[in-house]
Amino acid sequence: MNTPPRRSHLWICALLAAVGCASGEPNAEDPRPVKVVEVEFTHTVVVHSSILRFRFLSTSDRQATLGSVRMSGSLGEGRELDQQLYLPVDRVGDKGDLVIDLPVATSLWDVVGADPTRTLSGRIDLALEDEIGVFAVGEIDGLALRFRAEYPPEVTPIPGGRDVYPGERIPISGDGFLRPEEGKTWAVVDTGRVAFADGSSRAVTNARVPVEWDGARQRAFLPISPAIFGVRQGDFSGDVRFENELTTGEVFRGTEQPGFTATLRAPRIDDLSPNRGSRGQKITISGRGFVRPTPETSSGTYFVLNGVLRPSAGGADIVLADDELIVSPFRVVSEKLVEQDVTYSVDPASRTVQGLGSIPGRFEGTITPYIYRGNEEQAGSAWTGVFEILPTQQVVRVKYLPGFSRALQQYGLAAVEEPIRARILEVLERDYAETNVRFTVEEPDDFIEYTTIEVGGPDPSGLLNFGYDNSFNDGGKDVGNLYLSDYLGGVNRHSQDAGYLPYGGVFIESFIAFSPKLYPDNFGTSAEFDRVLSPFMRALGGVKIGEEEWPDGPRAAAVSEVISLVGNLTGHTASHEVGHALGLAHFPMTVENFDQRFHNDPPGPNLIMDAGSDRPFDERAQLNGAGPAKFSAENLSYLQRILPRIE
């Protein structure tokens with residue numbers, strides 16, 4: 001039995017409270033009331049390799065250092081169990097509830113008995129402890145936990161003679177399926193054969209495929225694994241049996257099904273959705289028989305495109321024939337569903353985009369699915385139709401970091417974070433309104449490739465930069481926007497190794513550098529910054545905005561002005577950094593023959609891509625008649641060439 005490492009008297013008090021011997025009121029050493037929480041527990045059958053999980057609901061905001069599980073009740077035949085265990089506490093995922101996992105093999109099996117085939121009828125009392133003491137207890141009453149020394153799977157006969165597809169998961173029923181942590185339930189083909197249409201055949205002997213858990217002892221899935229059945233179209237017949245193999249090494253033979261038959265079908269494509277898109281956009285391909293890529297067995301899926309591409313700009317049609325365009329899926333979700341981007345590639349030597357997604361137009365032809373395993377391959381039924389390839393759209397996700405919220409707290413603006421975020425989005429959408437750039441706060445679900453810009457608080461470099469584009473493609477700025485998946489944030493070692501700053505994003509905490517009161521010796525300060533922020537920022541003598549002050553409080557006008565100020569500063573900075581990611585540097589020649597610089601040269605009034613020293617505070621903040629800044633005619637012409645707006 002484990003023993004608690006400290007404060008055993010507190011544990012005794014808490015456990016007595018859990019079993020009804022105390023009220024749960026605070027004690028002298030720990031004045032907090034002990035909270036009674038609901039505990040989720042789904043086990044009814046226990047085998048030697050079981051791991052009993054106790055999930056404490058509504059505890060995602062707590063930390064715990066130790067957990068206690070006390071199991072008590074009758075085992076039958078006059079035997080009683082009263083077992084108390086102290087165990088580590090874990091968490092479900094990064095932000096989930098607290099859990100205690102109890103491994104039966106090391107903690108409970110021998111206590112129940114050398115050959116346990118019995119039922120524990122009783123209760124379980126649980127407690128959680130943190131650095132101070134016990135803070136939560138729970139109970140499971142009316143317990144009936146069946147221990148089984150032998151546990152063979154019992155599978156209801158599977159109807160034979162059915163059509164199946166490689167990768168398909170056939171639902172099966174019965175009893176005794178193992179949980180994933182307990183081991184594996186296997187389907188074993190001792191003897192079998194696949195007969196092909198050309199008269200040849202392939203023997204299947206001593207083959208094993210793991211049955212997949214479906215959340216209950218009575219349900220599971222039998223995968224039609226290409227590793228066992230292959231990928232070629234044909235007829236399977238053979239003897240199938242099922243067995244359980246525990247992680248402890250014990251094996252229990254279960255149901256047998258002799259003479260099982262099935263017809264293995266070729267893959268097919270039923271539909272593309274949507275039937276139009278630009279490069280990097282996600283297209284869902286539905287059908288049957290798609291095989292997930294598995295390097296261990298050299299199996300997977302690919303598509304072959306044959307047909308004609310008719311460019312929207314006119315000119316000669318491009319004929320795709322003789323299997324010259326082969327596409328690997330971005331992700332095989334299931335044997336029924338594939339996620340595929342509008343395919344393209346980048347040639348870094350010529351700095352050009354190539355492939356289907358590089359030329360707006362109409363593709364008219366076929367897409368044929370192929371599945372393979374090793375040297376074995378099977379063509380499927382093709383999709384035939386028209387797919388429209390649109391000009392490139394650049395999707396940009398604005399990702400807010402926790403530091404953004406903390407910086408707003410320092411400014412006294414936490415209560416108006418949402419309207420500030422809304423203003424930032426307004427600025428970005430306004431600045432790029434004449435281009436095919438789309439901004440979103442949530443992770444996009446319709447594009448596989450998109451750019452992310454992080455909006456946080458402090459500048460990690462310590463230089464009080466307002467923002468920085470740390471993306472680094474082929475040794476410099478991405479002139480031509482060849483790459484759609486830039487990340488303006490985090491740490492980019494390529495940028496650092498090239499002598500640039502490694503950290504990217506927007507850093508709103510650095511806006512304090514505009515304050516003449518806080519940074520009197522700094523270049524570019526503005527009394528307007530202090531005027532607008534001083535009513536709310538503690539460092540400037542202000543009082544933070546209260547929850548009730550917006551939009552109808554007595555300081556509503558001042559609150560409205562500070563929302564605009566911070567939103568404008570942040571949005572303007574983000575527009576500038578996204579411009580860099582799109583290739584905006586200054587180049588007086590063509591995209592193909594450019595003179596790369598980082599900012600407009602010469603600068604001009606109210607221009608987004610001017611250097612920081614050429615963009616005064618009033619212009620960034622849109623105060624006193626200055627701003628809003630725009631892209632120069634040359635910058636806008638470039639953006640509209642690479643990202644033409646679609647009406």
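**Exercise 1. The contacts of Leu533**

Task: Find which residues Leu533 is in contact with, leaving aside its neighbours within four places in sequence.

Solution. Start with the term: contact means heavy atoms within 4.5 Å. Now list the partners. Leu533 is in contact with Tyr411, Leu413, Leu540, Val562 and Leu565. Keep two points about the source in mind. This is a predicted model, in which local features need pLDDT of at least 70 and side-chain atom pairs count only at pLDDT 80 or more, while totals for chains, interfaces and linings use all residues. Residues are numbered from 1 along each chain as its sequence is written, and side-chain values use heavy atoms, with hydrogens and water left out.

Next, place Leu533 in its core. A nonpolar core is a set of buried Ala, Val, Leu, Ile, Met, Phe, Trp, Tyr and Cys residues joined through side-chain atoms within 4.5 Å. Buried means under 20% relative accessible area, exposed over 50%, and partly exposed in between (1.4 Å probe, protein chains only). The largest nonpolar core has 56 residues, and Leu413, Ile420, Leu533 and Leu565 touch the most other members. Helix H9 gives the most to this core, with nine residues. Another core lies apart from it, with 32 residues, among them Leu85, Leu87, Leu98 and Val112.

**Exercise 2. Helix H9**

Task: Compare the reach of H9 with the expected span, then decide how far H9 is enclosed.

Solution. Helices (H or I, at least four residues) and strands (E, at least two) are DSSP runs, numbered from the N terminus. H9 covers residues 556–581, which makes 26 residues. The expected span is 1.5 Å times one less than the number of residues. For H9 that gives 38 Å, and the helix reaches 37 Å from its first C-alpha to its last, close to the expected value. Now check burial. In H9, 21 of the 26 residues are buried, so the helix is largely enclosed by the rest of the structure. After the helix comes Gly583, with a positive phi near 110°.

**Exercise 3. The two sides of helix H5**

Task: Which residues of H5 are buried, and where do they sit around the axis?

Solution. H5 spans residues 402–411, and its buried residues are Gly403, Phe404, Ala407, Leu408 and Tyr411. They cover an arc of only 145° around the axis, which puts them on the same side of H5. The arc is that of the directions from the helix axis to the C-beta atoms. A general rule helps here. An α-helix has 3.6 residues a turn, so residues three or four places apart point the same way. Look at the face turned away from the buried side: it carries the exposed residues Pro402 and Gln409. Last, find the cover. It includes strand E32 (394–400), helix H6 (417–431), strand E34 (451–456), helix H8 (527–533) and H9.

**Exercise 4. The partners of strand E29**

Task: Find how E29 pairs with E23, E31 and E30.

Solution. Two strands pair if DSSP finds at least two bridges between them. Take E23 (residues 299–311): it pairs with E29 (residues 361–373) in the antiparallel sense over 13 bridges. Here Arg310 has Arg362 in E29 as its bridge partner. Move to E31 (residues 383–389), which pairs antiparallel with E29 over seven bridges. Ile367 is bridged to Trp383 in E31. Finish with E30 (residues 376–379): four bridges join E29 to this antiparallel strand. Tyr370 stands opposite Ala379 in E30. E29 and E30 form a hairpin with two residues between them, and Gly374 in the turn has a positive phi of about 60°.

**Exercise 5. His48 in its loop**

Task: Is His48 buried or exposed?

Solution. Locate His48 in the loop between strand E3 (45–46) and strand E4 (51–56). Its relative accessible area is 19%, so His48 is buried. Then look for a polar contact (a pair of N or O atoms within 3.5 Å; within protein, one must be able to donate a hydrogen and the other to accept it, and residues adjacent in sequence count only if both atoms are side-chain atoms). The side chain of His48 makes one with the side chain of Glu250, at 3.0 Å.

**Exercise 6. Unusual backbone**

Task: What kind of peptide bond joins Gly627 and Pro628, and what is the phi of Gln622 and of Asn624?

Solution. Most residues other than glycine have a negative phi, and most peptide bonds are trans. The bond between Gly627 and Pro628 is cis, with omega about -5°. Gln622 has a positive phi near 60°. Asn624 has a positive phi of about 55°. Gln622 is partly exposed at 23% relative accessible area, whereas Asn624 is exposed at 59%.
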